[in-house]
Each structure stands twice: as structure tokens, then as C-alpha cells.
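I opened the file to go through it feature by feature. These entries record what I looked up, in the order I looked.

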Amino acid sequence: MPSWRRTLTSADVTGPALRADYTAAARRVLSREKAPYLALRLLAAPPLVPYLTAGLAFMNLVDDIAENGTAEERSSGLASLAERLAAGGGTDPVLRAYAHAVSVRGLPDHWIKSFLAGAETAEAGFTGFATEADFQAYVEAYAWPGITVFTGLQYPGGPDAEQAAAWRRFVDAAQRVDFLADLAGDLASGRLCLPLDRLDGHGVTRTDLEQGRDTTGVRALLAGECALARAALDAARDVVGHSDPGLRRVGRTMLELMAHQLTLVERAGPAALSQDIGYGTLAPLRILARAATGR
């Protein structure tokens with residue numbers, strides 16, 4: 001793995017101020033998303049790494065604003081972010097790095113506008129899902145453009161229709177796994193991310209989930225949600241073939257990490273209602289090591 005300085009140079013990020021901006025973006029990602037950051041640094045082609053790191057930092061920044069504070073604070077925060085990004089990033093090094101990456105890579109502006117709009121509506125105003133259709137609307141409005149403002153930077157000029165569709169399948173799977181892995185924390189914060197009609201189908205109430213009840217209905221509900229997530233993961237595997245060759249090892253690794261996390265959720269069963277399910281420590285390191293050595 002080349003040093004960060006050599007990685008920046010390989011992407012033609014040469015000015016001292018700009019290199020500092022990208023470094024600030026990388027530090028933000030490392031502090032929040034260690035597994036994806038390590039996957040990028042270890043496995044992606046170095047000329048892509050700074051741009052994708054800036055994209056991931058931007059995606060996380062928008063997430064953080066959309067998920068915290070009062071409705072007024074979230075709305076004003078997102079509006080301010082959009083204005084600063086349009087002006088080249090202002091005083092925020094993450095926004096400056098991302099604005100540069102978007103300009104150099106030619107990512108179409110509509111992805112960013114869609115993501116910011118979805119952050120203010122689908123995410124900041126999140127009230128849960130009544131049905132699968134509501135979940136799909138959330139993916140369409142927020143999760144899909146959210147992943148594309150990051151992964152879309154791998155394609156000069158942005159993704160074509162097939163590439164974008166592949167990333168939609170990927171984020172559908174990622175969102176399902178994430179909602180299951182974070183069930184306990186979401187419930188504790190008053191957020192339920194499973195469709196209510198599927199709770200009803202198993203005779204399960206929100207209170208059952210909030211109190212971590214181990215019932216036949218709860219077990220059946222969680223098993224069914226895991227099966228849907230597993231099927232979505234299988235459908236998302238073609239994203240590797242739709243990726244830039246320099247990012248394919250990253251795509252395979254992220255799919256493997258998600259599958260591993262889903263397995264842990266499946267094993268936990270109702271215990272996932274009491275404690276969020278992470279990746280663990282040793283398994284992600286083994287997965288990254290296998291990918292890095294080509295095994």
C-alpha cells in the first residue's frame with residue numbers, strides 16, 4: 001500500500017492546500033468508517049482513493065447533519081451545506097475536497113441535488129415504513145443518490161444507467177443489513193426501520209421489539225427480514241462487474257463484510273433487539289487480508 005502522500009500524488013492532487021483538504025476528509029472517514037476506509041486504502045487503485053475518500057466523507061457529513069438536532073437545525077444545516085458546496089466548499093476542508101473531486105471526475109450535479117433533497121425529506125423527516133413500497137421510496141430518494149455521490153466518482157462523467165442500477169441493488173442490500181444490525185440502537189432512539197405490515201403479518205408489535213421479547217413471532221419476523229436481506233445481497237453481486245477495475249476488490253470485500261455481518265444478525269436472533277451487531281474484529285481483518293493477498 002503506497003503512503004497517503006504518494007496516493008495523493010497518483011491522483012494528481014498536488015497543491016499543498018488541496019492535499020490538506022483531502023487529508024482532512026480521509027481523517028474524518030477513518031474516525032467514522034474504519035472498515036470502508038481500510039478497504040479503500042488497501043484494495044482500491046491509488047488514483048481513485050482520494051476521490052472516493054472525499055466522497056465517503058461527504059456522504060457521512062450529510063448523514064450526520066440529517067440525523068441530528070431538531071427539524072429546524074437539520075433543515076438549516078443541510079441548506080448551509082448545499083450553499084457552501086456550490087461555492088466550492090467555503091471554509092470546510094471536507095466540502096472543498098469533495099467539490100474538487102466532483103469537478104475533476106465530472107459527477108453529474110443531479111446526484112448531489114437528489115441526495116441533499118432526500119436528506120431533508122426522507123432522512124431528516126423519517127417516520128418509519130408502513131410497507132415495502134415505503135422502504136423502496138426511501139432507497140430511491142436518499143440511499144441510492146447517497147451511495148452514488150460516493151461511488152459515482154469512480155466513473156469519469158458519472159455512472160451510466162446500468163452502473164447506477166447496479167449500485168441501487170447494492171444499496172438496497174446494504175440498507176437492509178444495516179437496519180437489521182442497528183435494530184437495538186435505532187429502537188432505543190425511537191426509530192423503527194422495519195415495515196409495519198411485516199410486523200403485523202407475524203403478530204408482532206413495536207413494543208415486542210422495544211422490550212426485546214423472544215417470541216415465536218419475533219423470531220419469524222427477524223428470520224424473514226434476514227432472508228430478504230440475503231436475497232438482496234445475492235442480487236447485488238453484479239455490482240463488482242459494473243465497477244471500475246481499480247475498485248472491484250473493494251466491491252467484493254464490502255459484499256463479503258455485509259454477508260458476514262448478516263450472518264451474525266441471523267445467529268443473534270432476538271438478541272439483536274438488545275445490542276447492535278457489528279462486524280467483530282478478527283473476521284474483518286481476515287477478509288481484508290484475503291482480499292489484499294488475492295486469496
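**Entry 1: salt bridges**

I began with arginine 96 and aspartate 21, whose side chains meet in a salt bridge at 2.7 Å, N to O. The pair links distant parts of the chain, with arginine 96 in helix H6 (residues 93-105) and aspartate 21 in helix H2, 75 residues apart. The model is a predicted one, so I read the distance as a computed value. I then checked the exposure of both partners. Arginine 96 counts as partly exposed because its relative accessibility is 27%. Aspartate 21 is at 7%, so it counts as buried.

Next I looked at arginine 168 and glutamate 140, whose side chains form a salt bridge of 2.8 Å, N to O. Arginine 168 lies in helix H9 (residues 161-181) and glutamate 140 in helix H8, so this pair ties together parts that are 28 residues apart in sequence. Arginine 168 has 18% relative accessibility and therefore counts as buried. Glutamate 140 is partly exposed, with a relative accessible area of 41%.

My third pair was arginine 176 and aspartate 172, joined by a salt bridge of 2.7 Å, N to O. Both residues lie in helix H9, 4 residues apart, about one turn of the helix. Arginine 176 is buried, and aspartate 172 is buried too. I followed the shared partners from there: salt bridges join Glu132, Asp172, Arg176, Arg198 and Glu225 into one network. How many salt bridges does a search of the whole structure find? I noted 19.

**Entry 2: cysteines**

I then asked how many disulfides there are. The count comes to 0. Cysteine 193 is in no disulfide, and the nearest cysteine sulfur, that of cysteine 226, is 15 Å away. Cysteine 226 is likewise in no disulfide, its nearest cysteine sulfur being that of cysteine 193 at 15 Å. A disulfide would need the two sulfur atoms within 2.5 Å. For cysteine 193 the relative accessible area is 5%, so I logged it as buried. Cysteine 226 also counts as buried, at 5% relative accessibility.

**Entry 3: the nonpolar core**

I listed the largest nonpolar core, which has 100 residues. Which of them touch the most other members? They are Tyr22, Phe58, Tyr98, Ile112, Phe170 and Leu209. Helix H4 (residues 49-67) gives the largest share of this core, 12 residues. As a general note, nonpolar side chains tend to be buried together in soluble globular proteins.

I picked isoleucine 112 for a contact list. Not counting residues up to four places away in sequence, isoleucine 112 touches Phe58, Leu85, Tyr98, Val102, Leu107 and Val149.

I also took threonine 53, which is placed in helix H4. Is threonine 53 buried or exposed? Its relative accessibility is 0%, so threonine 53 counts as buried. Leaving aside neighbours within four places in sequence, threonine 53 is in contact with Trp4, Ala25, Ala26, Val29, Tyr37 and Leu40.

**Entry 4: helix H3**

Tyr37 and Leu40, both on that contact list, are also among the buried residues of H3. I asked why H3 should be described as largely enclosed by the rest of the structure. The reason is that 7 of its 10 residues are buried. They are Ala35, Pro36, Tyr37, Ala39, Leu40, Arg41 and Leu43. I looked up what covers the buried residues of H3, and the cover includes helix H1 (4-10), helix H2 (16-32), H4, helix H8 (132-151), helix H14 (248-268) and helix H15 (282-293).

Leucine 42 lies in helix H3 (residues 34-43). Leucine 42 is partly exposed, with a relative accessible area of 34%. With Met1 and Leu38, Leu42 makes a nonpolar surface patch of about 280 Å².

**Entry 5: two exposed residues**

Alanine 86 lies in helix H5 (residues 71-86). With a relative accessible area of 70%, alanine 86 is exposed. Its C-alpha atom is separated by 7.9 Å from that of alanine 99, 13 residues apart along the chain.

I closed with glutamine 211, in the loop between helix H12 (206-210) and helix H13 (216-236). Glutamine 211 counts as exposed, at 54% relative accessibility. The C-alpha atoms of glutamine 211 and leucine 273 are separated by 7.9 Å, and the two residues are 62 residues apart along the chain.

Technical notes: Residues numbered from 1 in each chain as written. Predicted model: local features only at pLDDT ≥ 70, side-chain atom pairs only at ≥ 80, totals over all residues. Heavy atoms only, no water. Helix = DSSP H or I, 4+ residues; strand = E, 2+ residues; numbered from the N terminus. Buried < 20%, exposed > 50% of the residue type's maximum accessible area, 1.4 Å probe, protein only. Patch = residues over 30% accessible without salt bridge, like charges linked within 9 Å, V, L, I, M, F, W, Y side chains within 5 Å. Areas by Shrake-Rupley, 256 points an atom, 1.4 Å probe, with all protein chains shown as cover. Salt bridge = Lys/Arg side-chain N within 4 Å of Asp/Glu carboxyl O. Core = buried A, V, L, I, M, F, W, Y, C linked by side-chain atoms within 4.5 Å. Contact = heavy atoms within 4.5 Å.
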